[in-house]
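Visitor: I would like to learn how to read a model of this kind, one feature at a time. Could you take me through it, giving the general idea before each case?

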Amino acid sequence: AEHGEFALREAELWGGLAALLRSFRYPMADMDAAWKLLLLNQFHDILPGSSINRVYQEAERDLARVKTTADAVAAAARKRLAGGGKTALTVFNSLGAQRTALVELPQGMTAVADGAGVSLPVQKLGARRVAEVTVPSCGWTTIRPAAGRATTVASALQVSARRLENEYLRIDLDARGEITRVFDKETGRDFAAGRCNTLRLYKDIPTNFDAWDIDSAYEKQPVPVDGEATVKVVSEGPLVAVLKVTRKFGASLLEQEIRLRRGSRRVDFKTRVDWRERHRMLKVGFDVDIHADEALQEIQYGHVRRPTHRTRPHDHERFEVCHHKWTAMVEETRGVAILNDCKYGVSVLGQTMNLTLL
């Protein structure tokens with residue numbers, strides 16, 4: 001009976017989705033072909049990188065086709081839902097809470113207003129402009145070009161090659177872009193117990209299964225990360241301040257943007273690595289002034305608690321664990337979390353959180 005009920009609901013769900021797609025006038029045959037092509041390229045050995053070169057040439061070609069189809073379906077849905085015209089920009093929020101985001105504007109759009117006609121603050125960021133837009137939960141808002149200049153806003157953002165600062169945080173950095181201080185202005189506490197945003201490179205030669213395994217012995221085999229580094233200011237606000245860090249190590253090159261927005265307690269690290277190392281593992285470490293016996297680590301539908309120590313034999317085997325979107329260390333009234341959008345291996349020991357990058 002349970003299986004029958006589930007099948008009925010599933011049929012209703014897919015029937016409704018098919019009807020929605022037909023209303024967008026998108027060919028279902030193309031959707032079906034793209035879905036099968038996606039599943040084909042989810043084969044076990046494709047995912048971890050243990051197939052031959054030709055497999056990846058074909059997988060990249062196939063997945064490019066899938067993306068083209070998916071983008072077209074999403075564009076058709078957005079057009080049907082928004083319908084703001086060629087001069088408008090509609091911003092969607094899939095979260096269950098209202099959010100304020102920086103939205104990149106199309107070329108030539110310099111001043112914008114929301115649906116109520118209220119002018120929005122705009123800042124130049126690189127070659128484009130971004131607007132600060134508030135979007136309702138599970139909904140969207142449409143912004144349109146506005147006459148005159150963009151709204152100016154008061155901002156406490158300050159930036160130099162050695163400091164990022166806003167209303168809540170003062171962050172000090174060294175010449176390599178590593179953070180030496182995360183000072184909370186409201187409480188007068190420093191969240192950094194040592195260095196944060198520290199690159200840590202290790203030898204990575206597991207006993208078995210080179211494509212999959214990490215052995216605990218890697219911790220005893222650190223590799224110096226002492227190449228050239230530069231830190232420069234690329235944006236001074238008023239909506240967001242940005243530093244660009246360029247570092248060399250081994251044969252590889254790292255470029256990283258460190259961003260702090262006005263009115264925010266979150267620091268963003270946008271990191272790209274031209275990775276040319278063999279048998280190496282790269283982590284980024286954060287030494288935080290939080291005392292906790294357990295770390296909270298997000299998994300599907302919730303989170304788990306794992307020890308920050310290795311007191312028991314089975315704790316020794318948790319030198320690398322999985323999480324999805326975040327890992328946090330918390331005390332009764334405060335804490336620090338590392339959020340990520342694509343890196344799922346992490347290690348926590350004592351007061352140090354290490355996110356595995358490569």
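Guide: Let us begin with strand pairing, and keep in mind throughout that this is a predicted model. Strand S21 (residues 321-322) pairs with S24 in the antiparallel sense, and two bridges connect them. Within that pairing, Val 321 has Val 346 as its bridge partner in S24.

Visitor: Which strand, apart from S21, pairs with S24, and over how many bridges?

Guide: Strand S25 (residues 352-356) pairs with S24, again in the antiparallel sense, and here there are four bridges. Val 346 appears in this pairing too, where it stands opposite Leu 355 in S25. The connection between S24 and S25 is a hairpin with two residues between the strands, and Gly 350 in that turn has a positive phi of about 65°.

Visitor: How should I think about the side chains of a strand, and is S24 largely enclosed or open?

Guide: The general idea is that the side chains of a regular strand alternate between the two faces of the sheet. As for strand S24 (residues 345-349), four of its five residues are buried, so the strand is largely enclosed by the rest of the structure.

Visitor: Where else can I practise reading a hairpin?

Guide: Look at S4 and S5, which form a hairpin with two residues between them, and where Gly 126 in the turn has a positive phi of about 70°. Strand S4 (residues 122-125) runs antiparallel to S5, and four bridges join the two; one position to locate is Lys 124, whose bridge partner in S5 is Arg 129. Strand S5 (residues 128-135) is also joined by six bridges to strand S2 (residues 99-104), likewise in an antiparallel arrangement, and in S5 it is Ala 131 that Val 103 stands opposite.

Visitor: Turning to single residues, how do I read burial, and is Arg 247 buried or exposed?

Guide: The reading rests on relative accessible area, and a residue is called buried when the value is under 20%. Arg 247 has a relative accessible area of 3%, and therefore counts as buried. Arg 247 lies in strand S15 (residues 240-249), and its side chain makes a polar contact with the side chain of Glu 178 at 3.4 Å. Once its neighbours within four places in sequence are left aside, the residues in contact with Arg 247 include Arg 176, Leu 199, Val 225 and Glu 228.

Visitor: What does the side chain of Asp 184 reach?

Guide: The side chain of Asp 184 reaches the backbone nitrogen of Glu 186 at 2.9 Å, and a polar atom of that side chain also lies 3.3 Å from the backbone nitrogen of Thr 187. Asp 184 has its place in strand S10 (residues 179-184) and is buried, with a relative accessible area of 4%. Leaving aside neighbours within four places in sequence, Asp 184 is in contact with Tyr 168, Leu 169, Arg 189, Phe 191 and Arg 265.

Visitor: Which residues could I take as examples of the exposed class?

Guide: Exposed residues are those over 50% in relative accessible area. Gly 115, in the loop between strand S3 (112-113) and S4, has a value of 63% and so is exposed. Ile 205, in the loop between strand S12 (192-203) and strand S13 (222-223), is exposed as well, at 57%. Leaving aside neighbours within four places in sequence, Ile 205 is in contact with Asp 215 and His 279.

Visitor: What lies between these classes, and which residues make a nonpolar surface patch?

Guide: Phe 92, found in strand S1 (residues 89-93), has a relative accessibility of 32% and so counts as partly exposed. Together with Leu 81 and Trp 140, Phe 92 makes a nonpolar surface patch of about 280 Å².

Visitor: How many helices and strands does the whole protein chain have?

Guide: The protein chain has four helices and 25 strands, and its C-alpha trace spans about 60 × 55 × 45 Å along the principal axes. Of its 358 residues, 36% are buried. Among contacts with a separation of 6 or more, 55% come from residues 24 or more positions apart. The accessible surface comes to about 21,500 Å², and carbon and sulfur atoms account for 52% of that.

Technical notes
Residues are numbered from 1 along each chain as its sequence is written. This is a predicted model: local features need pLDDT of at least 70, side-chain atom pairs count only at pLDDT 80 or more; totals for chains, interfaces and linings use all residues. Side-chain values use heavy atoms; hydrogens and water are left out. Buried means under 20% relative accessible area, exposed over 50%, partly exposed in between (1.4 Å probe, protein chains only). A polar contact is a pair of N or O atoms within 3.5 Å; within protein, one must be able to donate a hydrogen and the other to accept it, and residues adjacent in sequence count only if both atoms are side-chain atoms. Contact means heavy atoms within 4.5 Å. Two strands pair if DSSP finds at least two bridges between them. Patches are made of residues with over 30% relative accessible area and no salt bridge: like charges are joined within 9 Å, nonpolar side chains (Val, Leu, Ile, Met, Phe, Trp, Tyr) within 5 Å. Accessible areas come from the Shrake-Rupley method with a 1.4 Å probe; for residues, only the protein chains shown count as cover. A salt bridge is a side-chain nitrogen of Lys or Arg within 4 Å of a carboxyl oxygen of Asp or Glu.
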